[in-house]
Amino acid sequence: MKTITLFNNKGGAGKTSLAYHLGFMFAELGHRVVLADLDPQANLSTMCVTDDRLEAIWGQDPRPTIFGAIDRLRRGLGDVDRVSHESVGGSIGLVVGDLQLSELEDDLSQQWPKCLDRDERAFRVTTALSRVVRDVSDRFGADIAVLDVGPNFGAINRAALIASDYVIVPVAPDLFSMQGLENVGPRLKVWREAWTDRRSRAPALDFELPKGEMAPLGYVAGRHSVMGGGAVKAFQRWIDRMPLVYRRSFGEPEPAEGIDVASDEFCLAQLKDYRSLMPMAQEAKKPMFLLKPGDGAIGGHQGAVRQAYDDFKTLALEVLERMNVAQTRA
Ligand SMILES: Nc1ncnc2c1ncn2[C@@H]1O[C@H](COP(=O)(O)OP(=O)(O)OP(=O)(O)O)[C@@H](O)[C@H]1O
Ligand SMILES: [Mg+2]
């Protein structure tokens with residue numbers, strides 16, 4: 001089982017939309033997939049599940065969510081608990097998100113330095129998210145877990161990245177998202193090294209520690225912007241900068257000549273602004289590329305749906321290929 005996280009510390013870069021659509025496309029391609037909502041905003045869960053169903057899930061005690069799974073550990077009453085996935089179609093299982101997950105932030109921050117003292121609880125808390133995702137994935141028989149996280153460099157995200165074999169950076173064509181791209185590489189390096197150090201000091205434990213490889217697979221260049229409007233020319237200016245900024249961020253050699261994003265080896269895909277397909281998909285609780293006329297995708301929308309299918313299929317195949325390459329290298 002391999003884990004991939006969509007990560008950019010700036011908001012609105014397209015992490016959640018990409019996690020959702022990639023997850024569904026992996027399933028289309030025959031994989032069993034776990035989607036893990038590790039963002040306390042719980043947007044991925046909202047995309048997958050109706051509000052009524054979410055309300056029912058959040059009303060249960062204990063809650064079958066990521067928070068429910070770590071609550072007893074957080075309160076010092078035990079370890080992570082088994083939590084059931086929410087079925088999202090036959091081959092996709094969702095680890096439901098929870099607004100209360102933010103309560104784990106302080107404990108995670110406090111336990112992080114204590115790993116250096118070989119403290120057992122510190123390792124239990126630091127790896128809690130990783131262990132829940134792995135446990136759900138193993139029981140579901142998933143071969144890929146896609147993790148969605150919030151837009152920050154906080155302790156919850158550090159714990160999520162420790163759970164990640166691979167990272168993809170979604171980038172929207174605006175200043176904030178580009179600054180995020182610039183910051184992500186150095187931050188992952190710091191986290192990877194700090195975890196490798198802590199891991200080497202771990203006491204004997206009754207569970208396996210994640211490697212926390214966080215291998216970067218590349219970036220996905222979006223054309224939508226949460227900054228609203230914007231001239232196509234202005235978007236293109238940001239997109240043109242992505243190849244260089246990615247290389248600087250991840251310490252890859254910079255070529256003498258400028259690189260076109262279309263031929264950039266680190267650009268996994270350029271995604272369109274799918275405009276009205278996106279709200280339609282959210283309403284129908286379906287990925288854009290599976291929308292039917294009955295969901296409102298009539299007339300010209302059907303062409304856009306087919307285009308989206310092709311775009312995400314190409315992207316998913318590229319990601320799978322790179323994961324295999326990275327696997328053989330490792
Ligand atoms: N390719 C796209 N075409 C059209 N709209 C998009 C596209 N990708 C994302 N969006 C829209 O942009 C907004 C931000 O996307 P999304 O929620 O996926 O970003 P995010 O990085 O997860 O944000 P946050 O940092 O708040 O978690 C959403 O309204 C989403 O519907
Ligand atoms: Mg999000």
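Helices here are DSSP runs of H or I at least four residues long, strands are E runs of at least two, and both are numbered from the N terminus. With that in hand, please keep in mind that the model on your screen is predicted, and let's start walking.

**Stop 1: a loop with an unusual arginine**

Select Arg118, in the loop between helix 5 and helix 6 (120-126). Most residues other than glycine have a negative phi. Arg118 is not a glycine, yet its phi is positive, at about 60 degrees. Is Arg118 buried or exposed? It falls in between: 13 other C-beta atoms lie within 10 Å, so Arg118 is partly exposed.

Now step back into helix 5 (residues 104-114), where you will find Trp112. Trp112 counts as partly exposed because it has 18 C-beta neighbours inside 10 Å, and the class of buried residues begins at 20. Add Val125 to your selection: it is 13 residues from Trp112 along the chain, and the two C-alpha atoms are separated by 8.6 Å.

**Stop 2: the whole sheet**

Switch to a cartoon view and colour the strands. Eight strands form an open sheet with mixed pairing, in the order 3-4-2-5-1-6-7-8. Strand 3 (86-87) and strand 8 (267-270) stand at the edges with a single partner strand each, so one side of each has no neighbour in the sheet.

**Stop 3: strand 5 and its partners**

Select residues 144-148, which make up strand 5. How many of the five residues are buried? Five of the five are, so strand 5 is largely enclosed by the rest of the structure. In a regular strand the side chains alternate between the two faces of the sheet. You can follow the cover on both faces of strand 5: Ile144, Val146 and Asp148 are buried on one side, and Ala145 and Leu147 are buried on the other.

Next, show strand 1 (residues 2-6), which runs parallel to strand 5 and is joined to it by five bridges. Two pairs are worth picking out here. Thr3 has Ala145 as its bridge partner in strand 5, and Thr5 stands opposite Leu147.

Then add strand 2 (residues 33-37), which also pairs with strand 5 in the parallel sense, over five bridges. Look for Ala36, which stands opposite Leu147 in strand 5. Leu147 therefore makes a handy landmark, with Thr5 of strand 1 and Ala36 of strand 2 both opposite it.

While strand 1 is on screen, click on Ile4, which belongs to it. Ile4 has 22 other C-beta atoms within 10 Å and is therefore buried. Ala19 is 15 residues away along the chain, and its C-alpha atom is separated from that of Ile4 by 8.9 Å.

**Stop 4: around ligand 1**

Select ligand 1 and show its surroundings. Which residues are the closest? Of the 20 residues that surround ligand 1, they are Gly11, Lys15, Thr16, Ser17 and Pro151. Helix 1 (residues 15-28) gives the most to this shell, with three residues. Coloured by class, the shell has six nonpolar, ten polar and four charged residues.

**Stop 5: strands 6 and 7**

Return to the sheet and select residues 215-221, strand 7. Six of the seven residues in strand 7 are buried, leaving it mostly covered. Strand 6 (residues 166-171) pairs with strand 7 in the parallel sense over six bridges. To see one position along this pairing, look at Ile168, which stands opposite Gly218 in strand 7.

**Stop 6: a pair of helices**

Two packed helices are described by the angle between their axes and the distance between the axes. Show helix 9 (residues 175-200) together with helix 10 (residues 232-249): their axes come within 8 Å and cross at roughly 15 degrees. Angles under 35 degrees count as roughly parallel, and helix 9 and helix 10 are therefore roughly parallel to each other. Their crossing is right-handed.

**Stop 7: two backbone details**

Most peptide bonds are trans. Zoom in on Asp61 and Pro62 for a cis one, with omega about -5 degrees. Pro62 is in the loop between helix 3 (51-58) and helix 4 (66-74).

Finish at Arg275, in the loop between strand 8 and helix 11 (277-284). Arg275 has a positive phi of about 45 degrees although it is not a glycine. It has 11 C-beta neighbours inside 10 Å, so Arg275 counts as exposed.

Definitions and conventions. Residues numbered from 1 in each chain as written. Chains lettered and ligands numbered in written order. Predicted model: local features only at pLDDT ≥ 70, side-chain atom pairs only at ≥ 80, totals over all residues. Buried ≥ 20, exposed ≤ 12 C-beta atoms within 10 Å, placed from the backbone. Pairing = 2+ DSSP bridges. Near = placed C-beta within 6 Å. Nonpolar A, V, L, I, M, F, W, Y, C, P; charged D, E, K, R; others polar. Axes fitted to C-alpha atoms, helices over the stretch in contact; angles between N-to-C directions. Parallel < 35°, antiparallel > 145°, perpendicular 65-115°, else oblique. Left-handed = near helix turned anticlockwise from the far one by under 90°.
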